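This is a walk through one protein model and its ligand. Please keep the sequence and the coordinates at hand while reading.

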Amino acid sequence: MKRRRLLNPGPVTLAPSVREALATVPDLCHREPEYATLQQSVRDDLATLYESASDYSTTLLTGSGTAAVESMLTSLVPEGAAVLIAANGIYGQRMAAMASRAGIGHLVVESGITDPIDFAEVARRLAAHPEVSHIAAVHHETTIGRLNDLGRLAEVAAGRPILLDAVSSFGAEDIRFAEWNIEACAATANKCLHGVPGIAFVVAQRAALLEPGGQSPSIYLDLRANHLAQEDGYPQFTPAVQSLIALDVALRDLEAAGGWSGRGERYRSLMSRVRDGLAARGVEAMLPPADNAASLTSFRLPDSHDFEGLFQPLSDADFVIYPGQRQLYGEIFRVAVMGDLSDDDIAELVGVFDTVLS
Ligand SMILES: *Cc1c(COP(=O)(O)O)cnc(C)c1O
């Protein structure tokens, strides 16, 4: 089989171990005890991937990362309260659209899609709006690659719990559940965890899941109902069984790779070579490494190439880069180093860039 190197932020280039699990594990019904055991094991692994997370419980959902974010956001904000959404990119804007569609009370503090969160404005709005019960934010804003400063957000939140879109950070960045007062965080199997698409999940405080809360506007994405069913042993609806099998193997690979910190380190090592290689060709990164998440970097498109002009020759060499969204389409391209990529892959990539740009 042809090996394609996906440099988009998920789905990722699969490790042979994950591919083999998909091909060799026997068919499994989600009402068999073997499934219940697998489900429990993956839920526990996800809830304990971060050391501080022992008071938390995982709810698995079948859907993409967006399903997990929407389930979290629409299930945990009590009726009559409001969530303040700190948005500095497309995924933050999407959370605002979800709250709006579901009729959940919300305020949005929006900053530019290449800018940090406007912490001062968050503090001002919180002072003026005592009805705000939760803060929602994106950890790694994949729009540009920024890793938002959650320590500062937790400070200005002044005790209000955070609902975190950690879809593109879970498994590779530090998430300080207790210190940042994270009530819940939403993520997916097929980004930094290196699984296949199909399973997304919310890791939430047990206490928050037990509260009566507001009624979810969705049957399918009702976080508490899904959680209750899984606590009883089985999923509420037909899950992406094969995706869960793959995730189980991917989580063992992650453990062998040194957990989230080992994976983050690996990403940084690969990315520094991409950055250096491109800088030598005059292609600059949009953000300094200190502001950037480990897994993805946005680069300014060189004057000589539009996105298509860069994408096609790289794709011919089996490297798939990712465009900017909306107004960034004509300005940037993105490179993610999630997935099963080797040092040789990156050396080859830099070589292809060299040829294309010269
Ligand atoms: C990828 C991503 C999502 C969800 O995307 P899906 O396509 O639904 O998996 C949400 N938030 C962030 C920050 C992401 O990077």
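Helices H2 and H8 are oblique to each other, because angles of 115 to 145 degrees fall outside the roughly perpendicular and roughly antiparallel ranges. The model is a predicted one, and the angle in question is about 120°, between H2 (residues 33-47) and H8 (residues 223-231). The axes of these two helices are 10 Å apart. On the H2 side the contact is made by Gln39, Gln40 and Arg43; on the H8 side the partners are His227, Gln230 and Glu231. By class, the contact of H2 with H8 comprises four polar and two charged residues, with no nonpolar residue.

The ligand site comes next. Which residues surround the ligand? The shell consists of Ser64, Gly65, Thr66, Tyr91, Val138, His140, Thr142, Asp165, Val167, Ser168 and Lys191. Sorted by class, this shell holds three nonpolar, six polar and two charged residues.

Several side chains in the shell place polar atoms by the ligand. For Ser64, a polar side-chain atom lies 2.4 Å from an oxygen atom of the ligand. Ser168 also has a polar side-chain atom facing a ligand oxygen atom, at 3.4 Å. With Asp165 the ligand partner is a nitrogen atom, and the distance from the polar side-chain atom is 2.7 Å. How much of the ligand does the protein bury? Taken alone, the ligand exposes 380 Å², and 85% of that is buried by the protein.

Two points of backbone geometry remain, each located in a loop. The peptide bond that joins Gly10 and Pro11 is cis, with omega at about -5°. Pro11 belongs to the loop that runs between strand E1 (5-6) and helix H1 (16-24). The other point concerns Ala158, whose phi is near 45°. That value is positive, in a residue other than glycine. Ala158 sits in the loop between helix H6 (150-157) and strand E8 (162-165). Asp165, whose side chain has a polar atom 2.7 Å from a ligand nitrogen atom, falls within the range of strand E8 (162-165).

Notes
Residues numbered from 1 in each chain as written. Predicted model: local features only at pLDDT ≥ 70, side-chain atom pairs only at ≥ 80, totals over all residues. Heavy atoms only, no water. Axes fitted to C-alpha atoms, helices over the stretch in contact; angles between N-to-C directions. Helix = DSSP H or I, 4+ residues; strand = E, 2+ residues; numbered from the N terminus. Parallel < 35°, antiparallel > 145°, perpendicular 65-115°, else oblique. Contact = heavy atoms within 4.5 Å. Nonpolar A, V, L, I, M, F, W, Y, C, P; charged D, E, K, R; others polar. Near = heavy atom within 4 Å. Polar contact = N/O pair within 3.5 Å; in protein donor to acceptor, adjacent residues only side chain to side chain. Areas by Shrake-Rupley, 256 points an atom, 1.4 Å probe, with all protein chains shown as cover.
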